[in-house]
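New to this one? Take a minute with the sequence and the 3D view, and then we'll walk through some spots together.

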Amino acid sequence: MSGHTRRNVLRGTAAIALAGGTTALRGGPAAALAPAASAAPGGSPFYEGVFAPVTEELTAFSLPATGRIPRELNGRYLRNGPNAFGIEDPRAHHWMTGPGMVHGVRLGNGRAEWYRNRWVRSAAVAGKLGEKHPGPVPEDDFACNTHVIPYKGRILATQESGPLPYELDGELNTVRPYDFRSTLSGAFAAHTKYDAHADELHAIAYYPTWDHVRHIVVDRTGKVARTTWIPMPAGAMVHDFGLTERHVVVIDIPVSFDPEAARSGAPVPYVWDDHHAARVGVMPREGGPVRWFEVDPVFYSHTLNAYEEGATVVMDLTTYPAPFFVAGRGSGGPAATGTPALDRWTIDLEHGRVHQRRIDDRPQEFPRVNEGRVSRRHRYGYSAAAADFFAAYETVDGVPPDKAFSSALIKHDLLRGTCEVHRLAKAAAAGEAVFVPRDGDGHKAAEDDGYALAYVHNPERGASDLLILAAQDFTGEPVARIHLPGRVPLGFHGSWVPDA
């Protein structure tokens with residue numbers, strides 16, 4: 001990966017993000033009571049309020065809770081997100097490129113045993129913290145900030161477009177970069193799909209200078225068993241994808257790498273291209289020709305799930321209206337011309353067309369499904385509506401943010417076409433809601449027999465709560481609220497990691 005590596009593609013951001021010192025400390029219960037970070041100067045919405053980076057690593061035990069923590073929840077709820085430090089000028093930085101920080105709560109036998117937050121230790125982050133890097137430094141080293149997933153007894157923090165995942169231990173300490181037992185070469189991905197029926201982990205990897213993307217399959221042995229190159233326009237950005245029992249779904253949107261922006265030091269050198277047609281591709285899981293279908297231009301954000309129905313492939317996903325500015329317009333983060341909504345794309349393989357339908361136009365992001373249903377037909381999905389999130393994204397010149405947005409968690413019944421909304425206070429910014437099956441196996445019990453877990457900002461305390469909702473009583477009172485000792489800034493994606 002010579003030439004444009006993550007180090008020089010994002011060199012402007014990296015230089016700012018890791019310049020200067022840091023006030024981060026390894027703290028115990030006393031340090032856990034430190035006040036929340038104040039907003040960074042410069043006026044960026046991504047460095048203020050519920051987005052503001054926290055400044056300490058905290059450890060707290062025996063967390064207080066309101067309600068009853070289900071005794072069957074034995075494991076860790078983890079969530080990743082960017083948490084910059086040492087920023088001198090946030091206006092020259094981009095929220096999405098901050099080093100990853102993983103927040104976690106350990107649940108066991110009806111108790112909240114601990115809360116921890118830890119930066120992912122890339123070489124640069126470890127150096128700034130005065131620590132030794134935990135392993136060999138990969139070429140495209142980055143403190144992965146997008147997702148954190150369990151995989152065969154390991155915990156992996158992931159990032160798209162270059163970096164290897166970082167393995168974490170059960171207490172969120174960084175172990176080493178992870179290359180699937182020395183079988184992964186080249187880039188990996190932020191979003192993966194684990195097919196529990198086949199015991200396979202799938203990913204679509206892209207890289208700024210590639211003229212293709214790669215479908216990577218990790219088999220039941222934990223090794224990369226197959227990599228298929230899919231030709232794509234040079235520099236295409238593919239953040240997420242769809243997986244069905246027999247197919248892989250790839251979406252090519254009008255956002256691509258801009259070499260000139262990279263050479264000029266742009267923090268995120270990706271641009272919207274009106275001349276780039278939006279399309280969706282369907283490929284057999286075992287590899288082979290890709291069938292491409294044109295679609296109306298949108299910014300494709302995240303997949304809820306995909307499955308097959310006869311000669312069609314059905315994919316539920318969140319999209320933003322076109323155009324979408326990944327690099328932002330002076331806001332320190334992405335900028336949108338409208339809010340995301342939940343759509344269904346039905347790909348008719350027999351007649352060669354795609355039907356795009358709006359499922360729910362309520363502003364929402366981070367759709368999730370019972371993980372045991374990945375690649376199979378699902379009935380339920382869960383998403384988050386956070387007023388601060390959408391207001392921060394709508395900072396394009398001439399598009400004032402809508403102050404009427406509310407905060408909520410949403411459960412969709414996609415069979416009946418209905419939703420249940422668990423409403424929150426407007427200032428109670430809600431992160432992604434992850435479904436956890438009650439019996440520990442998401443494909444044996446009723447699909448919604450379990451709990452939805454999400455970090456929610458508690459404005460009364462100036463800190464966050466881990467909210468536990470009964471999925472079959474979604475609008476009812478929370479089963480439990482676990483009161484964390486500090487804030488969990490609005491971030492990206494997470495997972496439930498059950499005890500072995």
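## A strand with cover on both sides

V102 stands opposite R118 in β5. V102 itself belongs to β4, a strand that covers residues 100–108 and is mostly covered, with 9 of its 9 residues buried. What is on each face of β4? One side holds G100, V102, G104, R106 and G108, the other holds M101, H103, V105 and L107, and all of these are buried.

Keep in mind as you read that this is a predicted model.

Strand β4 has partners to look at too. It is joined by 8 bridges to β5 (residues 111–119), and the two run antiparallel. Strand β3 (residues 75–82) is also joined to β4 by 8 bridges, again antiparallel. That puts N80 opposite V102 in β4. Between β4 and β5 there's a hairpin with 2 residues between the strands, and N109 takes a positive phi near 55° there.

## Around β21

Now move along to β21. Why call it largely enclosed by the rest of the structure? Because 9 of its 10 residues are buried. Strand β20 (residues 298–309) runs antiparallel to β21, with 10 bridges joining them. One pair to find is N305 and its bridge partner in β21, D316. The hairpin of β20 and β21 has 2 residues between the strands, and G310 has a positive phi near 65° in it.

Strand β24 (residues 341–348) is joined to β21 as well, by 8 bridges and in antiparallel fashion. Here T312 has D348 in β24 as its bridge partner.

Just past β21 (312–321), the loop leading to β22 (324–325) is the place of P323. A cis peptide bond joins A322 and P323, with omega about -5°.

## A small open sheet

Elsewhere, 4 strands make an open sheet in the order β14-β15-β18-β19, with antiparallel pairing. Its edge strands are β14 (242–243) and β19 (291–294), and each pairs on one side only. Strand β18 (residues 279–284) pairs with β19 over 4 bridges, and R279 stands opposite E294 in β19.

## What packs inside

In soluble globular proteins, nonpolar side chains tend to be buried together. The largest nonpolar core here has 61 residues, and the ones with the most contacts inside it are V280, F299, I347 and F389. Setting aside neighbours within four places in sequence, V280 is in contact with V249, V250, I251, R291, W292, F293, V295, W345, I347 and V354. Apart from that core lies another, of 24 residues, with I69, L73, A470 and L484 among them.

## Two loop residues with positive phi

Most residues other than glycine have a negative phi, and most peptide bonds are trans. Here are two residues whose phi is positive:

| Residue | Phi | Loop |
|---|---|---|
| L172 | near 75° | between β8 (166–168) and β9 (174–177) |
| D199 | near 55° | between β10 (192–195) and β11 (200–205) |

Are they buried or exposed? L172 counts as buried because its relative accessibility is 1%. D199 counts as buried too, at 14% relative accessibility.

Notes. Residues are numbered from 1 along each chain as its sequence is written. This is a predicted model: local features need pLDDT of at least 70, side-chain atom pairs count only at pLDDT 80 or more; totals for chains, interfaces and linings use all residues. Side-chain values use heavy atoms; hydrogens and water are left out. A nonpolar core is a set of buried Ala, Val, Leu, Ile, Met, Phe, Trp, Tyr and Cys residues joined through side-chain atoms within 4.5 Å. Buried means under 20% relative accessible area, exposed over 50%, partly exposed in between (1.4 Å probe, protein chains only). Contact means heavy atoms within 4.5 Å. Two strands pair if DSSP finds at least two bridges between them.
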